[in-house]
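Here is a short, friendly tour of one corner of a model and of the place where two of its chains meet. Have a look at the structure first, and then we can go through it together.

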Amino acid sequence: MKIIKRNGSEATFDIDKIVAAVTKASNSSEVNSLTPEQIQEIADYVEYKCQKMSRAVSVEEIQDMVENQIMATGAFDLARRYVRYRYQRTLVRKANTTDNRILSLIECNNEEVKQENSNKNPTVNSVQRDYMAGEVSKDLTQRLLLPPDIVEADKQGIIHFHDSDYFAQHMHNCDLVNLEDMLQNGTVISETLIEKPHSFSTACNIATQIIAQVASNQYGGQSISLTHLAPFVQISRDKIRTEVLEEIRELNTNATQEQIAEIVENRLHREITKGVQTIQYQIITLMTTNGQAPFLTVFMYLNEAKNEQEKKDLALIIEETLRQRYQGVKNEAGVWITPAFPKLIYVLEEDNIDPGTEYFYLTELAAKCTAKRLVPDYISEKKMKELKEGNCFPVMGCRSCLNPWKDENGNYQFYGRFNQGVVTINLVDVALSSGGDKDKFWRIFDERLELCHRALMYRHERLKGTLSDAAPILWQYGALARLKKGETIDKLLFGGYSTISLGYAGLYECVKYMTGKSHTDPEATPFALDVMKYMNTACDKWTLESNIKFSIYGSPIESTTYKFAKCLQKRFGIIEGVTDKTYITNSYHVHVSEPIDAFSKLALESQFQSLSTGGAISYVEVPNMQNNIPAVLQVIRFIYDNIMYAELNTKSDYCQCCGFDGEISIVEDGDGKLVWECPKCGNRDQDKMNVARRTCGYIGTQFWNQGRTQEIKERVLHL
Amino acid sequence: MNYGEIKKCDIANGEGVRVTLFVSGCTHHCKGCFQPETWDFSYGRPFDEAAAEEILAALAPSYINGLTLLGGEPFEPENQRALLPFLQEVRTRFPQKTVWAYTGYTLESDLLSESRARCECTDAILSLLDVLVDGEFIESQKNISLSFRGSENQRIIDVKKTLTAGHVIWQELKSDHVRM
């Protein structure tokens, strides 16, 4: 059995250490000291409880158990002395707060860090530098930048204060890059003037430079729209045409208009291929100062084009983007695999949704690409317009969504806007703290929301006063604004230009505990919706008071899902169907193990997504669908009519031994360990297979720990 | 006729999203059959009015491409007699949706010629089908990478084209036609 030590490393459970510690405390007291048998009993019981937890328990948790057991034996004086001893040890440890954690991560012993972010490899030097900075930032945040009650609430898993590893710096979360402004009006990268590009491929090159710079100056994701690259297709076309005419003149030959047009379009296609390749390969091979590839989302929205020619050119770029993603990228062994980035979003709209519409062929390609590579995800223009005052625009990075906002001329603006940061409320804890009493529930909910509100205001205050010089690419050279040097970013933090988000997690478990039913049950759905509405009301109130736009957000909690689950078990014990898993359910999602078909799930979740104004994504879990594209198209069509934003978790794995292309399954080996096995040839060598799965909305290809593998195995299919 | 199961969002047995009826009773007894319990004609529940209505209701949503008959063996004569009026009802109510059927019999030798399967309903049933996946499951020819069939010998037949042409014409699968 493993335990997790204070510095984050793993160690084997050693019962003798408990016996020794309690004996020490017991011997230092004359009154009610314990017999060796009693001490052994306490230690045995703690061992038994740890085994029952079915996860690695922390030292602090073990000490809590010891304390409780001493008290249960009736030795209160001894318990008191044990607590005092613990407290003194804590003080000693506090003297150097980060040394051990930093040293353990350099030596690759920090289990917590290893499990934290599936996109970062903590054994690599450059990633370790980011993590070291993160440890220092977390330490400063906990000791100096946040008040003790917020730190404590975060530690207890009542709330989650996201990205405290970046909080020490004046950084924001995520945004929509105003690529259009930067490309059309020029920008400055590393003090070098970059003028409007003269070709599509140069525009793509500059775009990736911009993306790299932006990613290094914030901690969240960014989105760009391919529409902003589309005008450069015509520029390239004109340029190529001039070249071709010149060549013909030089060669002293004649060519018909048709021949010329054909040569021009062929060359143009090659340039588009090259440009799109630049973006794809640069993005996944770049490493930002955050120790990972830029978290980039690429938006593909035909209707965003300014005229018919631009729309046709945009279609060419979208088509090429889909083709290249379908092909994948080669790993070091030369095998084509599913890349995690960039994330792609394809917008479903009137002229691409039905067979017979002009761009339906693109939707078919998108469906085929999704079946093989898990992306693109889908946004319904129709549903988004219903919810966003007639607008359709990208989410920022993964799912954070802006509110509609108009500039001083009354025009809606989305690009250049951003999110200030997130604090997530653990809804399950609110429910369990109320003991199931509804009145008490709303009262505690109020208190917790206020706590989140205060924590969010700390985030906001941390950004206030930030000078534009902190990140020139963002604030001075167009990615988010064109502020002067030395100017603060303050005006962008107010009036709804940017948002700040109240995240939430565990709606399913919350409702399950309060009503005894899943929120999919018509009797429980109204309560679940009330919870969502309550958070909306709170956000609206805060917005009115502060002139800062608060929005509610279905947080993609990755390692936090374990932290919350662990904290809940610690605070409330194991409650069947509520705290008996090693994870809690993200946002408003239906529980992974609940049988429901894809269409019912999307229809149900749509009501919740409408109330998650700051962003959220729904997903359906499906098998390998490469041979059933018509079924993929049915799901896509359903998304168009029913839900704003959704994705398909498809399975298209690859066995390098037999060439099998389909779903590689999880089986139990002789020792009860879960392993991946090719259903065709029985290969179990992870190095000879490629498996891609989405976890919490992110594509992972590196295989997972046993806990997560278990969760993946338990997922029910919705088709 | 009895049936074992009705799947309401099936994507494994035919193109698109389908409602699949697993009828009971099969006399092929193929080695390696994926559900031998359905060989028994009394397996599951009776296919009554309520079951028929359940399927018709499940076929209604726009995202359902059609119905698939599976088994067991839909082409055992007693099953054909129960299925024919039901299929007629499906066709009347949902003329736009497609009907697929799976059989262990072979179209030319068993369904179109005299055999233990062919009965007074067979031609009528065939005329109501869009696609027939035929042939016994042969374990030695099993291939899990095949679309909508279990072993290499089985065929996905475009029934209408085949009956018109007088020789077997394969169904064109849409997934093969979306080219990257």
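Which residue in strand 23 of chain A is the bridge partner of Tyr654(A)? The partner is Asn690(A). Keep in mind as you read on that this is a predicted model.

**The sheet**

That bridge belongs to the pairing of strand 19 (residues 653-655) with strand 23 of chain A, which runs in the antiparallel sense over 2 bridges. Both strands sit in an open sheet of 3 strands in chain A, with the order 20-19-23 and antiparallel pairing. At its edges are strand 20 (661-662) and strand 23 (689-690) of chain A, each of which pairs on one side only. As a general reminder, strands of a sheet pair through backbone hydrogen bonds.

**Where chain A meets chain B**

Here, 23 residues of chain A are in contact with 21 residues of chain B. The two chains bury about 1900 Å² between them, and 67% of that area lies on carbon and sulfur atoms. For polar interactions, the count between chain A and chain B is 13 residue pairs in polar contact, while the rule finds 0 salt bridges across this interface.

Three helices of chain A each supply at least two residues of the side that touches chain B:

| Helix of chain A | Residues |
|---|---|
| Helix 13 | 308-327 |
| Helix 15 | 360-373 |
| Helix 24 | 629-642 |

Helix 24 of chain A gives the most to this side, with 5 residues. By class, the side of chain A that touches chain B has 14 nonpolar, 4 polar and 5 charged residues.

Key. Residues are numbered from 1 along each chain as its sequence is written. Chains are lettered from A and ligands numbered from 1 in the order in which they are written. This is a predicted model: local features need pLDDT of at least 70, side-chain atom pairs count only at pLDDT 80 or more; totals for chains, interfaces and linings use all residues. Side-chain values use heavy atoms; hydrogens and water are left out. Two strands pair if DSSP finds at least two bridges between them. Helices (H or I, at least four residues) and strands (E, at least two) are DSSP runs, numbered from the N terminus. Contact means heavy atoms within 4.5 Å. Buried area is the accessible area (1.4 Å probe) that two parts lose on being put together, summed over both. A salt bridge is a side-chain nitrogen of Lys or Arg within 4 Å of a carboxyl oxygen of Asp or Glu. A polar contact is a pair of N or O atoms within 3.5 Å; within protein, one must be able to donate a hydrogen and the other to accept it, and residues adjacent in sequence count only if both atoms are side-chain atoms. Ala, Val, Leu, Ile, Met, Phe, Trp, Tyr, Cys and Pro count as nonpolar, Asp, Glu, Lys and Arg as charged, and the others, Gly among them, as polar.
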